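Colleague: Let us go through the labels used for this entry. For each one, please give the value, the rule and the conclusion.

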Amino acid sequence: MRSFLAAVLFCLAAGGIARAGDGVPALDQLPAGRWVMIHQQQPEDAVAFLRQKHGGSAFDSKRGRLVLFGSDTHSRDDWTNSPLIFDLESLSWSRLYPDDERRSYRVSADGLPVAGPNGTHPWAMHTYGAVTYDPAADALVVASLPKHMEPGRFTNALAAVWPEVRRHPTWILDLASGRWRALDAAPVHFFPRATAFDPKRGRTLGLRGDGVHGLSLAEGRWRRLGDGGLLGWGNNVAYDAGNDTLVAFGSHKWGNEVVVFEPSAGRAQVRTTPGLRPPGAKYPPMAYHPGLGRTVVLVDRHPDPDKKSRRTARAETWLYDAAADAWTQVEGAELPFGVAMNYNLEYDPGRDLLLLVADPPGEAVAVWALKL
């Protein structure tokens, strides 16, 4: 291993990028303001997978782990329905259980879509950003549904069982036991949108066209909290705990407007945001950084906006200040490729790091870290 100084010099010489296996320093010694690749899948790894761009993520702060859940499905054979876990101590991936065979997909006596040998797992599904960690319950909240697996859309693989489904529930994964349960209450789905955790009130929040909805697992039900809409679909959200505000950015129309929801006021509004703004985005990675009091957003800059390509784009790192309604760019914190649809940016409070799961074009899945 190179010395820490050598690793820093390598990082700077590489235009702000260091790669696993090139003398990257320990996680507590990472150079500030530069993305560092801390792991990339290798052929000999026990667990390898394709990144599911329609899947979401959360950070298990109790155990210091990244958790991915969600699948691209459509007509592909890769129906990933096991959570994928990246351990920051061992820098390695694991699966909670083997992905269930398609023949195990069925409908329970209660009319719920289930999979696995014992019918205890959810179906593979697009989750987008609707995967949230609830630290009070030590549980993962998945508020989506396998909408694109409806027969006649992309695949007819589930045509025989789909009509039997009576409810696509909100799924809860107890991280201590590794067991799933379906929430008994009426579900609220955030397809194709996102959710975030409000630590002040202990609930998961999400913004939809019909309003902002919140779920307290202690109460066990979703509640509509205020008006929503304003951005359309294709956005991501983060909860700005410092300003007690849900921040949403991006849309299917490649917008660069910010929408905020203030729980104390019960309303959502589009911010005017004068001055500097990032390029427009769709499905952008987002996370709140409590040390900075800013929402971090990765936004692709395309040299030709009419020909968007991950190979020619560069992902820039931007910070949104909700109190000042202002953007700043983190100069030098770029990735040498576009991230495109990506809901896999999380903040690790124990290590004070931003973590991103991405797949550089033509390369294996990698985990990147940024210290700000």
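**Labels and their cut-offs**

Colleague: Why is Tyr-283 called buried?

Modeller: Its relative accessibility is 10%. Buried means under 20% relative accessible area, exposed over 50%, and partly exposed in between, computed with a 1.4 Å probe on protein chains only. The value for Tyr-283 falls under the first limit, so the residue counts as buried.

Colleague: What do these values rest on?

Modeller: This is a predicted model, in which local features need pLDDT of at least 70 and side-chain atom pairs count only at pLDDT 80 or more, while totals for chains, interfaces and linings use all residues. Residues are numbered from 1 along each chain as its sequence is written, and side-chain values use heavy atoms, with hydrogens and water left out.

Colleague: How many aromatic pairs does a search of the whole structure find?

Modeller: The search gives 17 aromatic pairs. Rings of Phe, Tyr and Trp (its six-membered ring) pair if their centres lie within 6.5 Å; planes under 30 degrees apart are stacked, over 60 edge-to-face, and the rest tilted.

Colleague: What makes the pair of Trp-171 and Trp-180 edge-to-face?

Modeller: The ring centres are 6.2 Å apart and the planes stand at 90 degrees, so Trp-171 and Trp-180 form an edge-to-face pair. Both Trp-171 and Trp-180 are buried.

Colleague: Why is the pair of Tyr-283 and Tyr-343 given the label edge-to-face?

Modeller: For Tyr-283 and Tyr-343 the centres are 6.1 Å apart and the planes meet at 70 degrees. The distance is within 6.5 Å and the angle is over 60 degrees, so the label follows. The two residues belong to distant parts of the chain, 60 residues apart: Tyr-283 is in the loop between strand 20 and strand 21, and Tyr-343 in the loop between strand 24 and strand 25 (345-348). Strands here (E, at least two residues), like helices (H or I, at least four), are DSSP runs numbered from the N terminus. Tyr-343 has a relative accessible area of 3%, so it is buried. Ring pairs also join Tyr-283 and Tyr-343 with Tyr-128, Phe-191 and Trp-233 in a cluster.

Colleague: How do you know that Lys-308 lies over the face of Trp-254?

Modeller: Lys-308 is 4.6 Å from the ring centre of Trp-254. A charge sits over a ring if NZ of Lys or CZ of Arg is within 6 Å of the ring centre and within 35 degrees of the ring normal. The charged end of Arg-208 likewise sits over the ring of Phe-190, at 5.9 Å from its centre.

Colleague: What makes Lys-62 and Asp-138 a salt bridge?

Modeller: Their closest N and O atoms are 3.9 Å apart. The rule asks for a side-chain nitrogen of Lys or Arg within 4 Å of a carboxyl oxygen of Asp or Glu, so the pair qualifies. Lys-62 is in the loop between strand 3 (56-60) and strand 4 (65-69) and Asp-138 in the loop between strand 9 (131-134) and strand 10 (139-142), so the contact ties together parts 76 residues apart in sequence. Lys-62 is exposed at 61% relative accessibility, whereas Asp-138 is buried at 8%. The count by this rule is 21 salt bridges.

Colleague: Why does Arg-310 count as partly exposed?

Modeller: Arg-310 has 23% relative accessibility, which lies between the two limits, so it is partly exposed. Its salt bridge partner is Asp-359, at 3.4 Å from N to O. Asp-359 is buried, with a relative accessible area of 17%.

Colleague: Which strands stand at the edges of the open sheet 21-22-23-24?

Modeller: This sheet has four strands with antiparallel pairing. Two strands pair if DSSP finds at least two bridges between them. Strand 21 (286-289) and strand 24 (326-335) each have a single partner strand, so one side of each has no neighbour in the sheet. Strand 21 pairs with strand 22 over four bridges, in the antiparallel sense. One of the residues involved is Ala-287, whose bridge partner in strand 22 is Val-296.

Colleague: How many bridges join strand 10 to strand 11?

Modeller: Four bridges join strand 10 to strand 11 (residues 171-174), and the two run antiparallel. Trp-171, in strand 11, is the bridge partner of Val-142.
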